[in-house]
Amino acid sequence: MRSMTDHMTPEEFRENGYAVIDWLVNYRQTIEAHPVFSTAQPGEIVAMLPEHAPERGEPFTELLADLDRVVLPGVSHWQSPHWYAWFPANTSPPSILAELVSAGLGLQGMLWSTSPAVTEIESRVLDWLVDLMDLPTSWKSTGPGGGVIQMSASDATHAALVVARHRRDRDASASDMVVYASTQAHSSIEKGCTIAGIGHCRKIDVDDAFAMDVGHLREAIAEDLASGLTPIAVVSAIGTTATTAIDAVAEVGAVAEHHGLWHHVDAAYAGAAMICEEFRSHQRGLERVDSYTFNPHKWLMVNFDCNVLWVADRRPLIDTMSILPPYLRNEASDTGDVIDYRDWHVPLGRRFRALKLWWVIRSYGAEGLRAFIREHVRLADVLAERIEADPRFSLFAPHPFGLVCFTHVDGNEATLALVDALNRSGKVAVVSSVIDGTAFIRISIGQTYTDEAHVDALWALLDEFALPTGRSPAV
């Protein structure tokens with residue numbers, strides 16, 4: 001008789017594991033047959049589930065069958081090559097297999113001593129990225145700084161803001177502290193201020209390219225100081241969410257240094273492009289940065305979740321996050337010769353996320369990753385050229401990376417109707433946004449399997465649904 005904890009024999013586990021891999025392979029091969037956005041209605045999925053948990057265990061074949069019956073109808077297919085919505089959340093075969101191994105090992109990497117491989121592989125792979133992205137060498141684990149894998153750029157930004165607040169705790173109450181970011185910065189900054197109890201999140205006006213106006217930043221700081229408030233941090237963006245606008249990191253850094261502000265850089269999407277030399281001019285001034293974050297899970301084929309946060313000096317981060325109860329004390333930590341990543345972020349527990357990043361870099365190599373990024377940027381340039389040449393459309397913002405933003409020249413109604421028509425077709429997924437009352441379409445080219453044929457198909461749909469000016473797009 002089997003024990004309650006041995007539900008599957010090793011042979012059954014192997015057989016079922018092969019069945020899951022077969023299912024995933026078939027899903028990948030047939031993904032373009034599905035509507036890209038889920039067509040499920042509210043409550044439709046839960047209606048297929050019983051109200052109560054089963055009393056007796058079910059055979060694995062039934063679990064697998066419900067992937068098709070229950071799960072897929074409620075899935076928007078982020079791995080479809082026709083996914084152009086938001087930014088990508090890519091997977092790749094080596095990353096998927098690494099996730100399987102990580103789950104099978106079931107490691108808890110809160111301390112070096114709980115599994116040294118989890119910590120040391122992470123430190124080394126993030127050091128590789130410092131070189132690949134031409135970041136300051138002092139950010140390596142061998143220097144005063146270092147990198148750590150977190151869940152998302154939001155988590156990394158929240159951690160940076162907590163550190164900024166902690167540094168100034170003796171100077172002012174949190175309610176009188178101010179953090180600065182552009183009006184186009186990610187919402188996680190405002191949320192991070194709320195979570196950290198920081199009283200003021202000041203939005204700075206942007207220029208014609210939607211980048212932070214540094215002159216307005218200086219004015220805002222001066223006004224806040226005159227009002228008795230305490231500026232503590234500023235966040236620069238390398239690639240905003242709406243348009244991939246790029247703030248002047250070096251100029252913002254000079255202002256931050258002058259006022260003693262923590263300078264955090266959010267490169268969540270565009271940081272991946274820095275493995276290509278031709279994009280690095282967008283991040284000049286990193287020597288004036290205190291922390292920097294980007295998401296390999298967006299544009300480097302690493303499964304969500306995998307964010308990287310680097311700090312120029314690890315001491316403020318550890319001073320803020322470290323609490324050491326007796327049950328976590330151990331000989332290795334006491335020596336000070338090892339990294340305990342529990343002291344580098346809010347959670348105590350941490351998964352073996354570095355394995356998938358390690359396997360992706362090794363599988364594709366730096367050369368393959370550069371080619372991946374460059375091809376998506378090339379395809380974005382091709383799409384932008386077509387848009388510029390078509391009298392029905394107008395480019396809305398610069399397109400330095402893989403995002404193209406544009407409008408229908410007939411205005412907001414025509415632009416939003418075009419978005420609706422594209423998504424109703426089921427053949428692509430796109431989203432719109434609004435800045436200063438102008439609606440625009442965002443086309444994010446960056447999904448793992450998107451190639452020129454898919455972008456050609458997108459253009460054919462744009463041409464079909466965007467009727468001549470003065471007429472409403474088809475819906």
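**Note on a helix pair and the cysteines**

1. Helix 5 and helix 6 are oblique to each other. The model in which they appear is a predicted one.

2. Two packed helices are described by the angle between their axes and by the distance between those axes. Here, helix 5 spans residues 153-167 and helix 6 spans residues 187-196. Their axes lie 9 Å apart, at an angle of about 45 degrees. Helix 5 and helix 6 form a right-handed crossing.

3. Which residues bring the two helices into contact? On the side of helix 5 they are S154, T157, H158, L161, V162 and R165. These meet S188, I189, K191, G192, C193, I195 and A196 of helix 6. By character, the residues of this contact divide into six nonpolar, five polar and two charged.

4. A disulfide is a covalent bond between the sulfur atoms of two cysteines. How many disulfides does the model contain? With a cut-off of 2.5 Å between cysteine sulfur atoms, the count is zero. C193 is in no disulfide, and the nearest cysteine sulfur, that of C201, is 4.1 Å away.

5. C193, one of the helix 6 residues in the contact with helix 5, has a relative accessibility of 2% and therefore counts as buried.

6. Is C276 buried or exposed? C276 has 0% relative accessibility, so this cysteine counts as buried. The closest cysteine sulfur to that of C276 belongs to C306. The two sulfurs are 18 Å apart, which is too far for a bond.

Conventions. Residues are numbered from 1 along each chain as its sequence is written. This is a predicted model: local features need pLDDT of at least 70, side-chain atom pairs count only at pLDDT 80 or more; totals for chains, interfaces and linings use all residues. Side-chain values use heavy atoms; hydrogens and water are left out. Buried means under 20% relative accessible area, exposed over 50%, partly exposed in between (1.4 Å probe, protein chains only). Axes are lines fitted to C-alpha atoms, for helices over the stretch in contact, and angles run from 0 to 180 degrees between N-to-C directions. Helices (H or I, at least four residues) and strands (E, at least two) are DSSP runs, numbered from the N terminus. Angles under 35 degrees count as roughly parallel, over 145 as roughly antiparallel, 65 to 115 as roughly perpendicular and the rest as oblique. A crossing is left-handed if the near helix is turned anticlockwise from the far one by less than a right angle, and right-handed if clockwise. Contact means heavy atoms within 4.5 Å. Ala, Val, Leu, Ile, Met, Phe, Trp, Tyr, Cys and Pro count as nonpolar, Asp, Glu, Lys and Arg as charged, and the others, Gly among them, as polar.
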